[in-house]
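Biologist: I would like to learn how to read a fold like this one. Can we go feature by feature?

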Amino acid sequence: MVSVQQWTGREASALRAALRMSTRAFAEHLGVALRTVAKWESLGAETQPRPDTQAILDTALVRADSAAQARFEATLFPERRSARPADYETWTEDIERAVVCIGRQDFPFASTLLNRWLGSRAPQQMDDKGLYLYGRSLVLLGDLQRDQGAILGPLSARHSYLTARGMFTELDIPRRVAQIELSLAVVQEMSGELESSARHYELLAGDQRLSPRDRARARLWVGTALSKEGDNEYATNAMTAATRAFEDLGEPEDWSVAHQKLALAHRGAGDLKQALHYIDIARTTGTVDSPMQRVRLDTAYGHILLSDAATRNDGLFVLDQAAQVARQYGLSHQLRSIEGIRKGQQG
């Protein structure tokens, strides 16, 4: 961590900016008068705090979190912003840890791992390796935001994905660009743009920039979007084609998820017998290693049970259990889906 031998108004103002505080909040944080902070801001290096205030600023810097300390250093020493090779190794390790955390829905720690880099690095001063890691971190931040239901707005999955797409376009990495476009189509679907997302998925299902697995996932999601629109026949055909592709590719988890989607499409078409058949396959073969997977599977199962008067109470119980897990892990979008299913049945 950078240390300050002699504080002036310049360093004090840099600390306030790094902590992302207003002048009033910074004054309260330090326990000094507002006019003192205003003096630092206006006079900069031409004024020096008193010795006792120097000690207060030392303490505030030490107690700041790592991201704020990095921003402080970057403001005072912009020439140090470019990451060193050792930083790249640590950054890569943190990305790998964030992937695991997001998979487990440990969103707070995943956010900490990502923002310690995103909040302390200036992309415009990075080399290609740094830009690549920054772009990957943004994509993971987008995944985290999407799973939490923050899909639109300045602090959303869509914003993170669009920024990352620009970086990978600049780096000329078409596979990454196409993967982000697939994620953006998911955001479209989640925000209710079903027809647009279906068209987007359809294009990506034949996009050679994507891997065979990602193309099959795009084909599956064509069916997901159309099923929500009520076009269950076309949706079922698309999902069946995706299911065969997953079997050919040897992707058992995707194959199981495809059966879950097929079950919901048959429920939408009013064929509860087939819906139960496919959801039983999904529940038997799928893994529920993460809260998200468990909530999605239970939500689909509860939705199907709720559609039959004979199993309505069982469906309500399963949905209650899914809602409880969704609340526990901050899965806002899934919770809204469960509430929507309940309201739909009440209507």
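Modeller: Start with H333, which lies in helix α18. Keep in mind that this is a predicted model.

Biologist: Is H333 buried or exposed?

Modeller: Compare the relative accessibility with the cut-off: buried means under 20%. H333 has 15%, so it counts as buried. Beyond its neighbours within four places in sequence, H333 is in contact with Q148, G149 and M190.

Biologist: And Q334, is that residue buried or exposed?

Modeller: Q334 is also placed in helix α18, which covers residues 332-346. Its relative accessibility is 10%, so Q334 counts as buried.

Biologist: Which residues is Q334 in contact with, leaving aside neighbours within four places in sequence?

Modeller: M292, V295 and R296. For H333, by the same kind of list, the partners are Q148, G149 and M190.

Biologist: G149 is on that list for H333. Which helix does G149 follow?

Modeller: Helix α8. G149 has a positive phi, near 90°.

Biologist: How do I read the length of α8?

Modeller: Set the span against the expected value at 1.5 Å a residue. Helix α8, residues 128-147, has 20 residues. From first C-alpha to last it reaches 29 Å, close to the expected 28 Å.

Biologist: What happens at the start of α8?

Modeller: Look at D127 there. One of its side-chain oxygens comes to within 3.3 Å of the backbone nitrogen of K129.

Biologist: How many of the residues of α8 are buried?

Modeller: 16 of 20, so the helix is mostly covered, buried being under 20% relative accessible area.

Biologist: How do I describe two packed helices?

Modeller: Two numbers do the job: the angle between the axes and the distance between them. Take helix α2 (residues 23-30) and helix α4 (residues 51-63). They pack at about 105°, with axes 10 Å apart. That angle makes α2 roughly perpendicular to α4.

Biologist: Which residues make the contact between α2 and α4?

Modeller: On α2, F26, H29 and L30. On α4, I56, L57 and A60. By class, the contact of α2 with α4 holds five nonpolar residues, one polar and no charged.

Biologist: Now T243. Where does it lie?

Modeller: In helix α13, residues 232-249. T243 is buried, with a relative accessible area of 8%. The side chain of T243 reaches the backbone oxygen of M239 at 2.7 Å.

Biologist: What does T243 touch, not counting residues up to four places away in sequence?

Modeller: W255, A258, H259 and L262. Take H259 as a case: T243 and H259 are 16 residues apart along the chain. Their C-alpha atoms are separated by 7.4 Å.

Biologist: How far apart in space are L194 and D65?

Modeller: 42 Å, C-alpha to C-alpha, with their positions 129 residues apart in sequence. L194 lies in helix α11, residues 194-205. At 13% relative accessibility, L194 counts as buried. Outside four places in sequence, L194 touches E189, A225, K228 and E229.

Biologist: And the whole chain: how many helices and strands?

Modeller: 18 helices and zero strands. The C-alpha atoms fill a box of roughly 80 × 45 × 30 Å along the principal axes. Of the 347 residues, 47% are buried.

Biologist: What share of the contacts with a separation of 6 or more joins residues 24 or more positions apart?

Modeller: 57% in the protein chain.

Notes. Residues numbered from 1 in each chain as written. Predicted model: local features only at pLDDT ≥ 70, side-chain atom pairs only at ≥ 80, totals over all residues. Heavy atoms only, no water. Helix = DSSP H or I, 4+ residues; strand = E, 2+ residues; numbered from the N terminus. Buried < 20%, exposed > 50% of the residue type's maximum accessible area, 1.4 Å probe, protein only. Contact = heavy atoms within 4.5 Å. Axes fitted to C-alpha atoms, helices over the stretch in contact; angles between N-to-C directions. Parallel < 35°, antiparallel > 145°, perpendicular 65-115°, else oblique. Nonpolar A, V, L, I, M, F, W, Y, C, P; charged D, E, K, R; others polar. Expected span 1.5 Å × (residues − 1). Polar contact = N/O pair within 3.5 Å; in protein donor to acceptor, adjacent residues only side chain to side chain.
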